[in-house]
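Biologist: Before we discuss this chain, could you put the sequence and the structure up where we can both look at them?

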Amino acid sequence: MPAGTALKDLLSKFSFPVAENPSCWGIIKIEKMLGELEIGDYDIKNEARVVSVGSQGDLMRILLYLVPYEVSSDYHLILSKFNDKVRLQIGCWQFEANA
């Protein structure tokens with residue numbers, strides 16, 4: 001058995017399983033949700049996965065839309081307030097509005 005194969009077999013015995021992350025929603029799903037909620041005043045920063053909405057009321061509509069269907073053990077929900085922003089984090093997306 002070549003040394004490389006033996007080393008690979010040895011290392012595979014010490015490896016740990018890779019933790020699976022929940023799949024992240026695409027921008028199409030976010031824009032569809034905002035359209036269904038009739039929220040037109042928003043700004044999406046796709047790389048940072050941040051959606052800024054116009055008001056706290058819009059943020060509450062998003063929260064009420066997501067809670068019955070999208071919150072699970074894979075998509076934890078965090079609601080917070082920091083400085084002048086109210087934030088709702090779910091999955092890998094963050095929704096925020098001015099406080």
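Biologist: Which pattern of helices and strands does the protein chain follow, read along the sequence?

Modeller: This is a predicted model, in which local features need pLDDT of at least 70 and side-chain atom pairs count only at pLDDT 80 or more, while totals for chains, interfaces and linings use all residues. Residues are numbered from 1 along each chain as its sequence is written, and side-chain values use heavy atoms, with hydrogens and water left out. Helices (H or I, at least four residues) and strands (E, at least two) are taken as DSSP runs numbered from the N terminus, and the protein chain has 3 helices and 5 strands. Read along the sequence, the pattern is α-α-β-β-α-β-β-β.

Biologist: In what order do the strands of the open sheet lie?

Modeller: Two strands are said to pair if DSSP finds at least two bridges between them, and the 5 strands of this open sheet show mixed pairing. Strand 4 and strand 5 run antiparallel and are joined by 6 bridges, with Val86 standing opposite Ala97 in strand 5. The order of the strands is 1-2-5-4-3.

Biologist: Which are the edge strands of that sheet?

Modeller: An edge strand here is one that pairs on one side only, and the twist across the sheet averages 20° from one strand to the next. The edge strands are strand 1 (42-45) and strand 3 (77-82).

Biologist: How many of the 6 residues of strand 3 are buried?

Modeller: A residue counts as buried under 20% relative accessible area, as exposed over 50%, and as partly exposed in between, with a 1.4 Å probe and protein chains only. Strand 3 pairs with strand 4 in the antiparallel sense over 6 bridges, and Phe82 stands opposite Lys85 in strand 4. Strand 3 nevertheless lies largely in the open, because the number of its residues that are buried is 0.

Biologist: Which residue takes a positive phi in the hairpin of strand 3 and strand 4?

Modeller: The hairpin has 2 residues between the strands. The positive phi, near 55°, is taken by Asn83.

Biologist: At about what angle to strand 1 does helix 2 run?

Modeller: Axes are lines fitted to C-alpha atoms, for helices over the stretch in contact (heavy atoms within 4.5 Å), and angles run from 0 to 180 degrees between N-to-C directions. Helix 2 lies across strand 1, strand 2 (50-53) and strand 5. Its angle to strand 1 is about 170°.

Biologist: How far apart in sequence are the parts that Cys24 and Cys92 tie together?

Modeller: A disulfide is a pair of cysteine sulfur atoms within 2.5 Å, and a search of the whole structure finds 1. That disulfide joins Cys24 to Cys92, S to S 1.5 Å, and the link is right-handed, with 100° about the S-S bond. Cys24 is partly exposed at 32% relative accessible area, as is Cys92 at 34%. Since Cys24 lies in the loop between helix 1 (3-13) and helix 2, and Cys92 in the loop between strand 4 (85-90) and strand 5 (93-98), the parts tied together are separated in sequence by 68 residues.

Biologist: Which residue forms a salt bridge with Asp58?

Modeller: A salt bridge is a side-chain nitrogen of Lys or Arg within 4 Å of a carboxyl oxygen of Asp or Glu, and by this rule the count comes to 4. Asp58 is buried at 13% relative accessibility, whereas its partner is partly exposed at 35%. Both lie in helix 3 (residues 56-70), 3 residues apart, about one turn of the helix. With the closest N and O atoms 3.2 Å apart, the partner is Arg61.

Biologist: Which residue meets Glu36 in a salt bridge?

Modeller: Glu36 is partly exposed, with a relative accessible area of 44%, while its partner is exposed at 55%. The two are 4 residues apart in helix 2 (residues 27-36), and so about one helical turn separates them. The N to O distance is 4.0 Å, and the partner is Lys32.

Biologist: Which residues do salt bridges with shared partners join into one network?

Modeller: Arg87 forms a salt bridge with Glu96, the closest N and O atoms being 3.3 Å apart, and Glu96 is buried at 8% relative accessibility. The network is made up of Lys85, Arg87 and Glu96.
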